[in-house]
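Reader: Please take me closely through one part of the surface of this structure, and then set that part against the rest of the chain. I would like each term explained with its cut-offs as it comes up.

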Amino acid sequence: MIEENNVIIADGRSLPTPSEFVTYPTLREQSTENALGDLVRKIISSRWKIEMKWDILTPEQMDLITELKFKQSFLCIFPATDGRQLTKTMYVGDIKPSARKIDPSTKLVTEWKDFSCNFIQVVADKYTGGAV
């Protein structure tokens with residue numbers, strides 16, 4: 001079973017540590033070329049995204065993430081690409097579970113595999129010219 005070790009905290013609860021995850025800012029920008037053909041890039045805002053995948057989850061761990069899916073938003077603490085811990089208001093994007101084991105007597109899933117989902121920042125950060 002995957003342990004919770006506070007790598008990602010969502011809605012005040014530690015998530016199971018993902019087998020794979022990446023955090024990165026997505027940028028909203030307006031890019032054009034000037035008369036000399038040089039790129040003129042204007043970054044307007046950034047929004048953080050966390051892509052996660054778990055090899056195996058228990059039904060209880062799956063329930064925790066599924067509960068987040070039904071929330072409009074929640075606070076999430078996660079490691080940024082530059083080593084800082086960030087706190088952002090996020091929502092859950094698509095979740096993609098796959099049943100691994102099913103109890104033959106109850107017909108309930110007892111283990112999930114290859115589960116993936118992403119968290120997306122709700123309100124974009126306005127770009128001020130520094131690092132996003």
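Author: A patch, as the word is used here, is made of residues that have over 30% relative accessible area and no salt bridge, with like charges joined within 9 Å and nonpolar side chains (Val, Leu, Ile, Met, Phe, Trp, Tyr) joined within 5 Å. The accessible areas behind this come from the Shrake-Rupley method with a 1.4 Å probe, and for residues only the protein chains shown count as cover. A salt bridge is a side-chain nitrogen of Lys or Arg within 4 Å of a carboxyl oxygen of Asp or Glu.

The model is a predicted one, in which local features need pLDDT of at least 70 and side-chain atom pairs count only at pLDDT 80 or more, while totals for chains, interfaces and linings use all residues. Residues are numbered from 1 along each chain as its sequence is written, and side-chain values use heavy atoms, with hydrogens and water left out.

With these terms in hand, the part to look at is a nonpolar surface patch of about 240 Å², which is made by Y91, V122 and V123. V122 sits in the loop that runs between β7 (109-121) and β8 (125-126), where helices (H or I, at least four residues) and strands (E, at least two) are DSSP runs numbered from the N terminus. With a relative accessible area of 33%, V122 is partly exposed; buried means under 20%, exposed means over 50%, and partly exposed lies in between, for a 1.4 Å probe and protein chains only.

Y91, a member of the patch, also appears among the contacts of N118, a residue of strand β7. Leaving aside neighbours within four places in sequence, N118 is in contact (heavy atoms within 4.5 Å) with K49, I50, E51, Y91, V92, G93 and D94. N118 itself is buried, at a relative accessible area of 16%.

The strand β8, which follows the loop of V122, takes part in a charged pair, for the side chains of K88 and D125 meet in a salt bridge with 2.9 Å from N to O. This pair links distant parts of the chain, since K88 belongs to strand β6 (residues 85-102) and D125 to strand β8, 37 residues apart. K88 is buried, with a relative accessible area of 15%, whereas D125 counts as partly exposed at 24%.

Strands β6 and β7 are also joined by a salt bridge between E111 and R100, whose closest N and O atoms are 2.7 Å apart. E111 lies in strand β7 and R100 in strand β6, so this pair ties together parts that are 11 residues apart in sequence. E111 is buried at 17% relative accessible area, while R100, at 43%, counts as partly exposed. In addition, K53, D55 and D114 are joined into one network by salt bridges that share partners.

These pairs belong to a total of 9 salt bridges in the structure. Another of them is formed by E67 and R13, with the closest N and O atoms 3.3 Å apart; E67 is in helix α1 (residues 59-69) and R13 in strand β2 (residues 13-16), so parts that are 54 residues apart in sequence are tied together. Both ends are partly exposed, E67 with a relative accessible area of 43% and R13 with 41%.

Cysteines give no further covalent link, as a search of the whole structure finds 0 disulfides, a disulfide being a pair of cysteine sulfur atoms within 2.5 Å. The closest cysteine sulfur to that of C76 is in C117, 9.9 Å away, which is too far for a bond. C76 is buried with a relative accessible area of 0%, and C117 is buried with 5%.

As for the wider setting, the protein chain has 1 helix and 8 strands, which follow one another along the sequence in the pattern β-β-β-β-α-β-β-β-β. The radius of gyration of the chain is 18 Å, well over the 14 Å that the globule rule gives for 132 residues, so the chain is more spread out than a compact globule; that radius is taken over C-alpha atoms, and the rule is 2.2 Å times the number of residues to the power 0.38. Taken along the principal axes, the C-alpha atoms fill a box of roughly 70 × 30 × 25 Å. Buried residues make up 31% of the 132 residues, and the chain exposes about 8200 Å², of which carbon and sulfur atoms supply 51%.
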